[in-house]
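Please look through the chain below with its fold in view before reading on. The paragraphs that follow lead from a single loop residue to the chain as a whole and then to its contacts.

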Amino acid sequence: MGNRTLQQAFGAVFHNKESFSEFCSFDQRKHVNEFTYKERKVHKTSEQYKRYLRFLEKVILRHLAINSSVVHSYIKGRSALTAVAAHAESSSFFLTDIRSFFPNITELDVIHVLDRDKHLVPITDFEPFIPYLAKIMTWNNSLPAGFPTSPQLSNGFLFDFDNALYESCKANGLTYTRYSDDIIISGKNKDKLLSLKNTVQDLLHNYASENLFINTEKTRITHAGNKIKILGLVITPKGRVTIDSKYKRTIESLLHFYTTDRNRYIDLLKNKFNGEEHSLFGLLHYVKATDPEYLAKLQRKYGLLALRKLMEDRWSGNR
């Protein structure tokens, strides 16, 4: 987009269909609906607010510094599959995640990230806007899941931590990748993984925030010979990454009855997904993204037309 003022960038994106002065005096509390879903707080923004946040993601946040050797979340061409595939040749694995990751990133943390990377953002008058932008990209002093800006901010926030842990792992012959709040470290020597719990926690406090803690209940070390399941994917003994067998059983049962007995298909769909065929749609697209080889096998076994029909988004107008 080149170097321009924030107002010029705003005009270029919205083609003067939105008011920059209104954007600069935006009262976010009138544009957020907060509710609880499955014991988690969910924030639904107005369409106008969502447009503003997507503008910030496009013009500013995509320029934030990240360690591209580590990060596999919220980046084009990266996925859970690429995060796991980097470890396919390892024999020992350290797995953990960060407890309450987004809620523990504060407005001050966002200000710090934006100020740290202001030289990377191609907006000539960016610095004076930093406090205001941090305010409208947070909610009640934390990063809300569901805001379009939160994923890129979370990646940028962990930049220094990712660098420190990457260098530590590299020095010890270990591989480190991260998918959002999930941390995966692997190597050939299990002994080198034994002290990682303390190392990761110390680096989180030193290079990210003292509010961040790894989830000790979910922290584990495993090795080849056991079932290596990471991010819902499995590394086979031959080093191939595929989806978990429980998902395969569900998919293949549904596809079998979809092609042979629609009444049994409907009954099984009710049992597995409360009758919502769009859940099968989502599962098949998950397979497409994570295990294309398995999807090709399903197409050969159950028919290309059947898979294509189930993977068409016939619900897009109803959601």
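In this predicted model, a good place to begin is Ser180, which sits in the loop between strand 4 (175-179) and strand 5 (182-187). Its backbone deserves attention, since Ser180 has a positive phi of about 60° although it is not a glycine. Most residues other than glycine have a negative phi. As to its surroundings, Ser180 has a relative accessible area of 10% and therefore counts as buried, the limit being under 20%.

A second residue with this kind of backbone is His15, again not a glycine, whose positive phi is about 50°. His15 belongs to the loop between helix 1 and helix 2, and because its relative accessibility is 58%, His15 counts as exposed.

With these two loops located, the chain as a whole can be considered. The chain contains 14 helices and nine strands, and its C-alpha atoms fill a box of roughly 60 × 55 × 40 Å when taken along the principal axes. Of its 319 residues, 45% count as buried. Among the contacts in the chain with a separation of 6 or more, 68% are accounted for by residues 24 or more positions apart.

Charged side chains provide a way to follow how parts of the chain are linked. Side chains of opposite charge can pair when their charged atoms come close. The structure holds 13 salt bridges, and one of them joins the side chains of Arg51 and Glu18, with a distance of 2.8 Å from N to O. Arg51 lies in helix 3 (residues 47-59) and Glu18 in the loop between helix 1 (6-14) and helix 2 (20-24), so this pair ties together parts that are 33 residues apart in sequence. The two partners are described by separate accessibility values: Arg51, at 37% relative accessibility, counts as partly exposed, while Glu18, at 15%, counts as buried.

Helix 3 also holds Glu47, which counts as partly exposed at 48% relative accessibility. The C-alpha atoms of Glu47 and Val32 are separated by 10.0 Å, and these residues are 15 residues apart along the chain.

Further along, a salt bridge is formed by Asp160 and Arg116, with the closest N and O atoms 3.9 Å apart; since the cut-off is 4 Å, this pair still falls within the limit. The pair links distant parts of the chain, with Asp160 in helix 8 (residues 159-171) and Arg116 in helix 5 (residues 107-116), 44 residues apart. Here Asp160 is partly exposed, at 29% relative accessibility, whereas Arg116 is buried, with a relative accessible area of 19%. Asp115, Lys118 and Glu127, for their part, are linked in a network of salt bridges.

Another of these pairs is made by the side chains of Lys229 and Asp244, at 2.9 Å from N to O. This salt bridge links distant parts of the chain that are 15 residues apart, namely Lys229 in strand 7 (residues 228-230) and Asp244 in the loop between strand 9 (241-243) and helix 10 (245-260). Lys229 has a relative accessible area of 29% and is partly exposed, whereas Asp244, at 2% relative accessibility, counts as buried.

A further loop residue is Ser209, found between helix 9 (196-207) and strand 6 (220-223), where it counts as buried at 8% relative accessibility. A polar atom of the Ser209 side chain lies 2.9 Å from the backbone nitrogen of Asn211. If neighbours within four places in sequence are left aside, Ser209 is in contact with Phe157 and Leu204.

The last stop is a packing of two helices. Two packed helices are described by the angle between their axes and the distance between the axes. Helix 12 (residues 277-290) and helix 14 (residues 304-311) pack at an angle of about 115°, and their axes are 8 Å apart; helix 12 is therefore roughly perpendicular to helix 14. On the side of helix 12, Glu277, Leu280, Phe281, Leu284, His285 and Lys288 take part, and they meet Leu307, Leu310 and Met311 in helix 14. The residues of this contact divide into six nonpolar, one polar and two charged.

How values were computed: Residues numbered from 1 in each chain as written. Predicted model: local features only at pLDDT ≥ 70, side-chain atom pairs only at ≥ 80, totals over all residues. Heavy atoms only, no water. Helix = DSSP H or I, 4+ residues; strand = E, 2+ residues; numbered from the N terminus. Buried < 20%, exposed > 50% of the residue type's maximum accessible area, 1.4 Å probe, protein only. Polar contact = N/O pair within 3.5 Å; in protein donor to acceptor, adjacent residues only side chain to side chain. Contact = heavy atoms within 4.5 Å. Axes fitted to C-alpha atoms, helices over the stretch in contact; angles between N-to-C directions. Parallel < 35°, antiparallel > 145°, perpendicular 65-115°, else oblique. Nonpolar A, V, L, I, M, F, W, Y, C, P; charged D, E, K, R; others polar.
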